[in-house]
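Please open the structure in your viewer and keep the selection tool at hand. The stops below are meant to be taken in order, with a pause at each one to look around.

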Amino acid sequence: MDTKKISEMDRASVLHPFTHLHDFATGKAGDPTIVESGKGIRIRDAEGREYIDGFAGLYCVNVGYGREEVAEAISRQAYKLAYYHSYAAHTTEELAKLSDRLVKMSPGKMSKVFYGLSGSDANETQAKLVWYYNNLRGLPKKKKIIARDRGYHGCSVVSGSMTGMSFYHDFMDLPISGILRTGVPHHYWGAEQGESELQFSARRAQELEELILREGPDTVGAFIAEPVLGTGGITPPPEGYWVAIQPVLEKYDVLLIADEVITGFGRTGAMFGCEKYGIKPDLITVAKGLTSAYAPLSACIVGEKVYGVMEAGAQKVGAFSHGYTYSGHPIGVAAANAVLDIVERENIPGNAQLVGQYFQDTLRAAFSDLPIVGEVRGVGLMAAVEFVVDPATKQRFDPAAKVGARVSKAARDRGLIARAMPHGDILGFAPPLTVTREEVDQIVQIAQDAVKQVSGEITKEAVHA
Ligand code: PLP
């Protein structure tokens, strides 16, 4: 089919996520990008243009595009048995294999794995597990879930409520009640004059404790957080953050849900973000990197503490009444096993650590002295450059100037996809974890040229808040 026809059909019939509907419908936002193929860290569109995908899709194609062994594993499974459910103790070889593997490789004392199809639905399940656990313990009031400002946990009803950015809530009747909010651990924006990272982390932990006490510890069930804040601005935790937070949760019997949807399977340079920061989770959410997006699959990895209560509770309440038609879908789990074979064989976290360090160093060297760069931050193969009018005063740009989006567009025009993060003027990077040093050099060079171009333009326009 010719590309014009595809565009017309698309515009007439697809409701695209996170798209300005009017600008798209009228053509003001241009034509849809028809993505046709991918290999390694690159994708190609229908016009034959090639892009370096500096964001691995949506930080998910961790092992890179075009892995034939994953496609073959999916195909083998589809021929053998495309579907059977996992209700009432039905299973497949791939499902049992993957679950055994995840329990063994996950940080903390994990016991069982429940499957969904997206990070959003997995976090929805996590909330239900928290409620179920405390109901079974005879603590029916202990249900509130604390999430952080600028945290991202998805956009279904409960997960969207846990997400801490207002534009995900507006006009959607979110957040629901029972979701509490605590401060984002971003030292650059949140620290007081002269406050060290350690002091700032201690303050955030104190605020968390005050919130729990204010609400009543008997009403707070869980705290959900990403080991490294992702969509809210790709922000690694300040020094001492997790060390300060965890004792507060333990003191008040509050479960810790580690949302490893981005950080799981190598992105930070460790297999899990929890390992990197010494986090001891009760529940872990994974998705994205679990299959490197070759098939939709997410999982809630349930710790012994929670599962023990659930199993004992069955004597009282009967079957665990939660699940999806596609929980443990054979094609998804076959894809995950093939991807995890690659992750282990090629030591993908090791590459993210080694090339990631090079990436972080190169980015800082390239950007730190540019006039509109406020902060360069990141860990492993996730990084962000945040733009401000003047680094000395940290004055923000007028949001209407869309500086982040302009830099992202300038990079794209040069053949690099780097994401304009939805919160603030931030350019985000999260390339496939197979990226090489040479490719890092290309990414950073293009991004630097893009920033210089936009920086030059806005100096003339003099845009500020
Ligand atoms: N949790 C985190 C940390 C995420 O980054 C995302 C998506 O970006 C989600 C949950 C939601 O995942 P999905 O888009 O698959 O529903």
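What follows is a tour of a predicted model, stop by stop.

**The ligand and its surroundings**

Begin by selecting the ligand, and then display the residues that surround it, namely S118, G119, S120, N123, Y152, H153, G154, E226, D259, V261, I262 and K288. Sorted by class, this shell holds three nonpolar, six polar and three charged residues. Which helix gives the largest share of the shell? That share, three residues, comes from helix α6, which runs over residues 119–136.

Now zoom in on individual atoms. A polar side-chain atom of S120 is placed 2.6 Å from an oxygen atom of the ligand, while G119 brings a backbone N or O atom to 2.9 Å from a ligand oxygen atom. On Y152, look for a backbone N or O atom that lies 3.5 Å from a nitrogen atom of the ligand. Taken on its own the ligand has 390 Å² of accessible area, and the protein covers 83% of that area.

**Along helix α6**

Next, select the whole of α6, which has 18 residues and reaches 25 Å from its first C-alpha to its last, close to the 26 Å expected at 1.5 Å a residue. Because 15 of its 18 residues are buried, α6 is largely enclosed by the rest of the structure. After the helix comes G138, whose phi is positive, near 75°.

Stay in α6 and pick out L136, a buried residue with a relative accessible area of 12%. Leaving out residues up to four places away in sequence, L136 touches V309, M310, G313, K316 and V317. One of these, K316, is 180 residues from L136 in sequence, yet the two C-alpha atoms are 8.6 Å apart in space.

**Helix α12**

Select residues 304–317 to show helix α12, whose 14 residues reach 19 Å from the first C-alpha to the last, close to the 20 Å expected at 1.5 Å a residue. Within this helix, V306, M310 and G313 are buried. What do the buried residues of α12 pack against? Their partners are α6, β8 (255–259), β9 and β10. Just after α12, select G318, which takes a positive phi of about 85°.

**Two buried loop residues beside β9**

Go now to T291, in the loop between β9 (283–286) and β10 (298–303). Is T291 buried or exposed? With a relative accessible area of 1%, T291 is buried, which fits the cut-off for that word, under 20%. A polar atom of the T291 side chain lies 2.6 Å from the backbone oxygen of A295. Beyond its neighbours within four places in sequence, T291 is in contact with L297, G332, A335, A336 and V339.

Then select P281, in the loop between α11 (273–277) and β9, where this residue is buried with a relative accessible area of 7%. Its contacts, again not counting residues up to four places away in sequence, are P107, M110, L256, A258 and C274. For a further comparison in space, add Q246, which is 35 residues from P281 in sequence and 9.3 Å from it, C-alpha to C-alpha.

**Backbone details in the loops**

Some further stops concern the backbone itself. Select L174 and P175, which are joined by a cis peptide bond with omega at about 0°; P175 is found in the loop between α7 (157–162) and β6 (179–182).

Move on to F265, in the loop between β8 and α11, and note that this residue has a positive phi of about 70° although it is not a glycine. At 1% relative accessibility, F265 counts as buried. K394, in the loop between β12 (382–387) and α15, also has a positive phi, near 55°, in a residue other than glycine. K394 is partly exposed, with a relative accessible area of 32%.

**Last stop: G415**

Finish at G415, in the loop between α15 (403–413) and β13 (416–417), a buried residue with a relative accessible area of 15%. Which residues are in contact with G415, leaving aside its neighbours within four places in sequence? They are E50, Y51 and I52. To end the tour, add K144 to the selection: its C-alpha atom and that of G415 are separated by 45 Å, and the two residues are 271 residues apart along the chain.

Key:
Residues numbered from 1 in each chain as written. Predicted model: local features only at pLDDT ≥ 70, side-chain atom pairs only at ≥ 80, totals over all residues. Heavy atoms only, no water. Near = heavy atom within 4 Å. Polar contact = N/O pair within 3.5 Å; in protein donor to acceptor, adjacent residues only side chain to side chain. Areas by Shrake-Rupley, 256 points an atom, 1.4 Å probe, with all protein chains shown as cover. Helix = DSSP H or I, 4+ residues; strand = E, 2+ residues; numbered from the N terminus. Nonpolar A, V, L, I, M, F, W, Y, C, P; charged D, E, K, R; others polar. Buried < 20%, exposed > 50% of the residue type's maximum accessible area, 1.4 Å probe, protein only. Contact = heavy atoms within 4.5 Å. Expected span 1.5 Å × (residues − 1).
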